[in-house]
Amino acid sequence: MMSYIILGFLCVIPSSCLSILTDGETQNGTLRDESGDSKTDVFRQLLNQETLIRMSLVKNVHSLMKDMVEMKESMSTSNKRLHDAEKEISSLKNEVQLLKTENQKLKEEAVKFQEEFKTTDSRFDEIKGNFTMVSYSRDQYERHVNKKLEDFEKNTSTILNDIKIEVRYLSVTLLDLNKHTMELNMSIPDLIESRITDFTAYLNRSVGDINQKLLTSKEYQEQLVYNLSALGNDQSSLMKIISDKMNNTITSIKADVEQSQKSQLKLSAAVSSLEVFRMNISLLNNCASKRSVSFTVGVTSSSSTWSGDILVFPHVVTNNGNGYNPSTGKFTAPTDGTYVFFVTVNSYSANTVYLDIVLNGSKKVRTMSHNTANYMTGTNMAVLQLYTGNSVWVSRYSGKSYYSRSVPITTFSGFLL
């Protein structure tokens with residue numbers, strides 16, 4: 001509506017040809033008095049100024065109309081956005097309604113879950129009972145297995161003793177065979193040397209007799225040459241026989257020695273395999289007898305006045321092998337072995353406390369939490385050789401108090417190597 005008014009105003013201004021500066025008179029130069037030329041020039045200047053003012057007004061009107069158009073477009077855009085916002089609000093209301101419906105369903109499901117949790121708690125109680133029965137059955141099975149292992153160890157010990165006896169017998173036989181072989185090796189050179197010595201003595205005696213007979217008779221000398229020739233032939237044949245016998249004897253002895261060496265190697269291999277079998281049996285016995293033993297315990301509340309004897313750690317984190325008793329605070333070794341123990345104590349505020357790791361009443365190592373600062377920590381570790389039934393615990397030497405939280409700070413741990 002405002003745009004139409006402005007357009008009518010613009011149309012009226014050029015048609016009337018009236019000037020604001022001329023008090024509404026008609027702009028006609030012919031009716032003026034010719035005597036006022038100077039006034040005419042002024043009037044023309046005023047007309048020019050009016051024309052400029054009118055043009056600036058038209059320009060301002062056009063800019064105003066442009067602003068009006070832009071304002072309309074902005075209002076149209078705002079209306080569109082408002083429409084979109086109304087649609088979005090409507091969709092959000094629908095979503096809120098859906099969320100309310102879903103919330104109601106979730107509340108109903110929560111009630112169902114609570115009922116199911118109650119049923120689950122009862123089932124967990126049944127499972128705990130079943131675990132107790134399984135633990136009891138496991139203990140019985142371990143006893144049965146331990147009994148079988150003991151029987152197996154006894155039988156294995158008997159078999160090993162028999163094997164040891166046989167090995168000793170084989171070793172004695174092997175020693176006798178080696179001794180016999182050494183005697184043969186020593187006797188062969190002596191036998192050959194003795195035979196050569198006897199034959200040499202016989203030849204010397206024969207040569208001596210021949211020399212004597214040569215001196216007495218020439219005929220006998222000829223006969224002696226024949227005898228010497230025969231004797232040389234006999235000596236060659238005898239040497240050949242002796243050499244053949246010696247070679248046969250040496251070959252036979254070498255065969256016996258090789259056979260004895262093979263027997264010795266077989267016996268050594270048998271002894272080695274028996275020793276390996278014995279070591280495997282020992283390892284099997286050690287693995288069967290070794291049990292997993294370890295524990296970590298602590299206290300979950302502080303005490304600024306504690307000054308007792310044995311520090312009991314009632315909170316059990318782990319207790320493999322059930323060696324630690326949370327009622328007495330003592331660990332009892334279920335098997336022989338080397339154990340490692342570690343204690344950590346935090347003193348309460350500015351108090352001082354000294355604790356000992358004790359083995360069967362004998363103090364081994366000590367921790368110190370001094371009062372040079374608040375909440376001082378003392379730690380120590382001990383490696384102890386225990387036998388079945390030995391007990392280890394933490395005892396107070398002097399001072400008082402300890403500090404801890406729901407997650408334990410003051411703790412006691414140990415395990416079997």
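Here is a chat between a biologist and a modeller about how the terms used for this structure apply to it.

Modeller: Ground rules up front: this is a predicted model, so local features need pLDDT of at least 70 and side-chain atom pairs count only at pLDDT 80 or more, while totals for chains, interfaces and linings use all residues. Residues are numbered from 1 along each chain as its sequence is written, and side-chain values use heavy atoms, with hydrogens and water left out.

Biologist: Fine. How many helices and strands does the protein have, and what makes a stretch count as one?

Modeller: There are 3 helices and 10 strands. Both are DSSP runs numbered from the N terminus: H or I over at least four residues for a helix, E over at least two for a strand. In sequence order the pattern is α-α-α-β-β-β-β-β-β-β-β-β-β.

Biologist: Why is β3 called a strand paired with β4?

Modeller: Two strands pair if DSSP finds at least two bridges between them. β3 and β4 (residues 330-332) have 2 bridges, in the antiparallel sense, so the pair meets that cut-off. One of the bridges puts N325 against K330 in β4.

Biologist: And what makes β4 and β9 a pair?

Modeller: β4 and β9 (residues 391-399) also pair over 2 bridges, antiparallel, so they count by the same rule. T332 has S391 of β9 as its bridge partner.

Biologist: Which other strands join that sheet?

Modeller: The order is β3-β4-β9-β6-β7, an open antiparallel sheet of 5 strands. β6 and β9 are joined by 7 bridges, with L359 opposite V392 in β9. β6 (residues 353-359) and β7 pair over 7 bridges as well, and there D356 stands opposite R366. The hairpin of β6 and β7 has 2 residues between the strands, and N360 takes a positive phi near 50° in it.

Biologist: Why are β3 and β7 said to stand at the edges?

Modeller: β3 (324-325) and β7 (362-369) each have a single partner strand, so one side of each is left without a neighbour in the sheet.

Biologist: What is the strand order in the other open sheet?

Modeller: That one runs β2-β1-β10-β5-β8, again 5 strands with antiparallel pairing. Here β2 and β8 are the edge strands, each with a single partner, so each has one side without a neighbour. The twist averages 10° from one strand to the next; for such angles, axes are lines fitted to C-alpha atoms (for helices over the stretch in contact), and values run from 0 to 180 degrees between N-to-C directions. β5 (residues 337-346) and β8 share 10 bridges, including the one between Y339 and L384.

Biologist: How do you know whether N322 is buried or exposed?

Modeller: Buried means under 20% relative accessible area, exposed over 50% and partly exposed in between, with a 1.4 Å probe and protein chains only. N322 has 66%, so it is exposed. It lies in the loop between β2 (315-320) and β3, and has a positive phi of about 55° although it is not a glycine.

Biologist: Then what is Y375 called, buried, exposed or partly exposed?

Modeller: Y375 comes to 37%, so it is partly exposed. Y375 sits in the loop between β7 and β8 (377-386), with a positive phi of about 55° too. A373 lies in that loop and is partly exposed at 33%.

Biologist: What does A373 touch?

Modeller: S349 and A350, leaving aside residues up to four places away in sequence. A contact means heavy atoms within 4.5 Å. The C-alpha atoms of A373 and A350, 23 residues apart along the chain, are separated by 6.2 Å.

Biologist: What makes F342, M381, V383, F415 and L417 a patch?

Modeller: Patch members have over 30% relative accessible area and no salt bridge; nonpolar side chains (Val, Leu, Ile, Met, Phe, Trp, Tyr) are joined within 5 Å, like charges within 9 Å. A salt bridge would be a Lys or Arg side-chain nitrogen within 4 Å of an Asp or Glu carboxyl oxygen. L417, in the segment after β10 (411-416), is exposed at 53%. Together the five residues offer about 470 Å² of accessible area; areas are Shrake-Rupley values with a 1.4 Å probe, and for residues only the protein chains shown count as cover.

Biologist: How much of the whole protein is buried?

Modeller: 20% of its 417 residues. The accessible surface comes to about 30300 Å², of which 58% belongs to carbon and sulfur atoms.
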